[in-house]
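User: I am new to this structure and should like to learn how to read its features. Where should one begin?

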Amino acid sequence: MLEENIHNLIIRLFSGEATTKEKASVQHWINGSDENREMYADLQEIWLATGDQNEYNTEKAILKFKDEIHQEQKKNFRIGEVLKYAAIAVLLISLPFIYFLGKQQNVSEPTFTTITCALGDKSTVTLPDGSLVYLNSGSELRFNNNFQQEYREVEIEGEAYFKVEKNKEVPFRVEAGAVTVEVLGTEFNLKAYPEENTISTTLVEGSVQISSTSQQAIMKPNQKIVFDKESNKMTLHNLKDVDPETEWKEGRLVFRNESLGDLELKLERWFDVDIEFSDNEVKSRRFTGILERESILEALAYFSISDKVGYNINNNEITFYTKN
C-alpha cells in the first residue's frame with residue numbers, strides 16, 4: 001500500500017503544487033520498487049481521467065475505477081491487487097474533497113496537472129486535445145487544466161517528443177525554460193533538461209517557430225536548433241538523420257560518433273545509474289551504436305569491447321577507466 005502521507009504528496013505533484021523537496025520524496029518512493037512504479041502509473045491515469053477541460057469530473061473517474069475492479073474480479077484476484085486498488089480507492093475518494101476545498105479557497109487561481117517520468121522509465125501522455133507526448137527519463141510535463149481555451153500550452157523540463165493535433169483556432173505552445181516553441185500541428189523533439197547548458201529542438205514534420213528573448217526562427221523538417229543558455233544564441237543544424245534525436249521514444253538509445261563524456265547524462269537517465277570517469281582519455285573515447293532494451297551490464301559489455309575501455313561497478317555507481 002501507499003506509505004503514510006505519500007498519496008497527499010502525489011496529489012500535490014499532479015496538481016502542480018509540490019515543492020522541490022516533495023517532488024524528490026515522490027521520486028524516491030517511485031524508485032523504491034516496481035510495485036510503486038505501477039501504482040504511480042495507475043494513479044496518474046486516474047488523475048487524468050478525473051479531469052475535464054472546464055470542470056472536475058469525478059463521475060468519469062469512479063466509472064473507470066469500478067470498471068478496473070470489475071475486470072480484475074473476472075480473474076483470480078490476488079491479495080496484492082486488492083490492496084493496490086484499495087489504496088487507489090482511498091486516493092480517489094480524497095481527490096474531490098481536496099480539489100473543491102482548494103477551489104473554494106481561491107476560485108481565480110488556475111490548477112495544473114504535472115506528470116513526472118522517473119529515471120530509467122519512459123511514459124506516454126495523451127493531452128486533452130488528443131495530442132501525444134512521449135516523456136523521456138527524468139522529465140516533467142505540466143499543463144493548465146483549462147487546456148485549450150485561448151491556446152494550448154504545456155511546460156516541459158527534460159526531453160519529450162510531441163505529436164500535436166492540428167487546430168488552427170487554438171495554437172499549441174511549449175514553454176521550455178528560456179525557449180518557446182509554437183506550432184499548429186506537427187511532430188518534433190524537444191530536449192530541455194535544466195542541468196544541461198543547451199535546449200535543442202528537432203523537427204520531424206510540419207513547421208514550428210522557436211523564440212527566445214533575443215532571437216526567433218522558423219524550422220523546417222530535418223532541422224535542429226540548439227539554444228545556448230549562456231550566450232543566449234541559437235544555432236541551426238541541417239540533419240541527414242533524425243533517428244539519434246527521436247528513437248529514444250521507441251526504446252532505442254542511438255548515438256553517432258559520441259564520446260563517453262557526451263553519453264554520460266544519457267546513460268545515467270536511461271539506466272538510472274551514476275557514472276564517473278577516472279581519466280580524461282577514457283572520457284574522450286568515441287562510439288557509434290544502438291542500445292535497444294539492453295540491461296546496463298549488456299551496455300557496459302558493448303563499451304568494453306574497445307581494448308582501451310574498462311569499468312568498475314560499485315552498487316549504483318559505474319566508473320570508466322583507460323586500460324593499460
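Analyst: Begin with a definition: a residue lines a pocket if it has an atom within 4 Å of one of the pocket's grid points. The model shown is predicted. Rolling a probe the size of a water molecule over the atoms shows where empty space is left. Here, the second largest pocket holds about 670 Å³ of space.

User: Which residues are the closest to the centre of the second largest pocket?

Analyst: They are Lys191, Lys224, Glu245, Glu258 and Lys266, out of 30 lining residues. Sorted by class, the lining comprises 14 charged, 10 nonpolar and six polar residues.

User: Which element gives the most to this lining?

Analyst: Strand E14 does, with six residues. The elements that supply two or more residues include strand E8 (187-192), strand E12 (223-228), strand E14 (252-259) and helix H7.

User: How should one read a sheet, and what is the order of its strands here?

Analyst: A sheet is read through the pairing of its strands, and two strands pair if at least two bridges are found between them. In this open sheet of three strands the order is E15-E18-E17, and the pairing is mixed. Strands E15 (274-277) and E17 (309-314) are the edges, each pairing on one side only. From one strand to the next, the twist averages 25 degrees.

User: In which sense do E17 and E18 pair?

Analyst: Strand E17 and strand E18 (residues 317-322) are antiparallel, with six bridges. Within E18, tyrosine 321 stands opposite glycine 310.

User: Which helix packs on the sheet?

Analyst: Helix H7 (residues 260-271) does, touching E15, E17 and E18. The direction of H7 makes about 160 degrees with that of E15. Helix H7 also contributes to the lining of the second largest pocket.

Definitions and conventions
Residues numbered from 1 in each chain as written. Predicted model: local features only at pLDDT ≥ 70, side-chain atom pairs only at ≥ 80, totals over all residues. Heavy atoms only, no water. Helix = DSSP H or I, 4+ residues; strand = E, 2+ residues; numbered from the N terminus. Axes fitted to C-alpha atoms, helices over the stretch in contact; angles between N-to-C directions. Contact = heavy atoms within 4.5 Å. 1 Å grid on protein atoms, 1.4 Å probe; cavity = no way out; pocket = protein on both sides within 12 Å on 5 of 7 lines; lining within 4 Å. Points joined across faces, edges and corners; volume = space filled by probe spheres on them. Nonpolar A, V, L, I, M, F, W, Y, C, P; charged D, E, K, R; others polar.
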